[in-house]
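Biologist: I have the model open and would like to understand the words people use for it. Could you take me through a few of them?

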Amino acid sequence: MKVYNFSAGPSMLPEEVKLSAQRDFLNYNGSGMSVTEMSHRSKVYDEIHQEAIALLRELMNIPDNYEVLFVQGGASTQFEAVPLNLLVKGKADYIVTGNFAGKAAKEAVKYGDCQVVASSKDKNFTYIPDVDKITFRDDIDYVHLTQNNTIFGTRYTKLPKVNAPIVADMSSNILSEVFDVNNYGLIYAGAQKNIAPAGVTIVIVRKDLLDNAMPICPTMLKYKTQADANSLYNTPPCFSIYMAMLTFRWLKALGGVKEIQKINEYKAGLLYDFIDGSDLFTNPVNKADRSLMNVPFVTGSDELNAKFVKEAAAAGLVSLKGHKLVGGMRASIYNAMPVEGVQALIEFMKKFELENK
Ligand SMILES: Cc1ncc(COP(=O)(O)O)c(C=O)c1O
């Protein structure tokens, strides 16, 4: 049976990427070694490392005044690394649009005067606050926001106009649509949704923000440490970086981020249109703020939701259970989810609706 994996993360990877890794698993590029066992100081690994960085630069059109870092600890470690590196005046503003945005803000208060200046908690994070109406404080080092909210299924379609660098957590929508890197001071993202297996975390940081870390900042969390060593200060997560390189190659061959954005808009459009026309399923998110990557939906009955998740899994549509903070279902339709997967989900939803009227 064909299985479509709608997991929010770790998530499905492109078939071609997995096949390529499988083919080369025991003997990468004639080296007689697997990427899982080769020295990170070897020439053969170095080529992978350099290609991954170069391809990410190309795909995201990253300007020369930005550094690309491959670090570890997941996006969660960036919740601390960001304030530890970027607080100079000691003040930052946070917009809280979900669970992870809240976690980031909670870590930051340990290191300075970091405040939540806007939140969508009043409506269980079903919308993005109007960024033009947010009052930011003077003299802040940065504004932190979560570009796509994985659990609640919202995304920013517009950035605040603010006289400070914007720091964005793009863990669940990096490379899913075109972003102008120039609009950000720093972008970070765990790899395990749109890029690779868990392990590597991407940090894209403007060079003038790179060397301001607090004296207490651990060496391993200092962006300068990683920048000076081209992300080879210590042993990097080589296999995850290798898989990232394969995904970047796949995306480039497909036509790049512009092309995948069109496909993502099409896929999400199919699913939202079906849900909006359905008598059984609803999506709780403010239409203008809907995510292209994570689509939560409910039936209005816990019992029916549970039945849906169980029967969908039996039909090969797996990991559709919603996060416990939202309940119901959630379909994560990242870059690697083919259009056919979304179509199969919609067909199943139609059938379920008819059977459960
Ligand atoms: C938007 C967002 N930020 C941060 C995280 C935490 O990432 P990690 O598990 O890599 O620490 C996640 C995980 O799902 C996420 O979706």
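Modeller: Happily, starting with a pair of strands: Val295 has Ala331 of strand S13 as its bridge partner. This is a predicted model, where local features need pLDDT of at least 70, side-chain atom pairs count only at pLDDT 80 or more, and totals for chains, interfaces and linings use all residues. Residues are numbered from 1 along each chain as its sequence is written.

Biologist: What makes S11 and S13 a pair?

Modeller: Two strands pair if DSSP finds at least two bridges between them. S11 (residues 294–297) and S13 (residues 329–332) have four bridges, in the antiparallel sense, so they count as paired. Strands here are DSSP runs of E, at least two residues, and helices are runs of H or I, at least four, numbered from the N terminus.

Biologist: Why is the span of helix H2 called close to the expected one?

Modeller: The expected span is 1.5 Å times one less than the number of residues. H2 (residues 43–60) has 18 residues; its first and last C-alpha atoms are 26 Å apart, and 26 Å is expected.

Biologist: Which residues of H2 are buried?

Modeller: Tyr45, Ile48, Ala52, Ile53, Leu56, Leu59 and Met60 are. They cover an arc of only 140 degrees around the axis (taken from the directions from the axis to the C-beta atoms), so they lie on the same side of H2. Buried means 20 or more other C-beta atoms, placed from the backbone, within 10 Å of the residue's own; exposed means 12 or fewer, and partly exposed is in between. Lys43, Glu47 and Gln50, on the other side of H2, are exposed.
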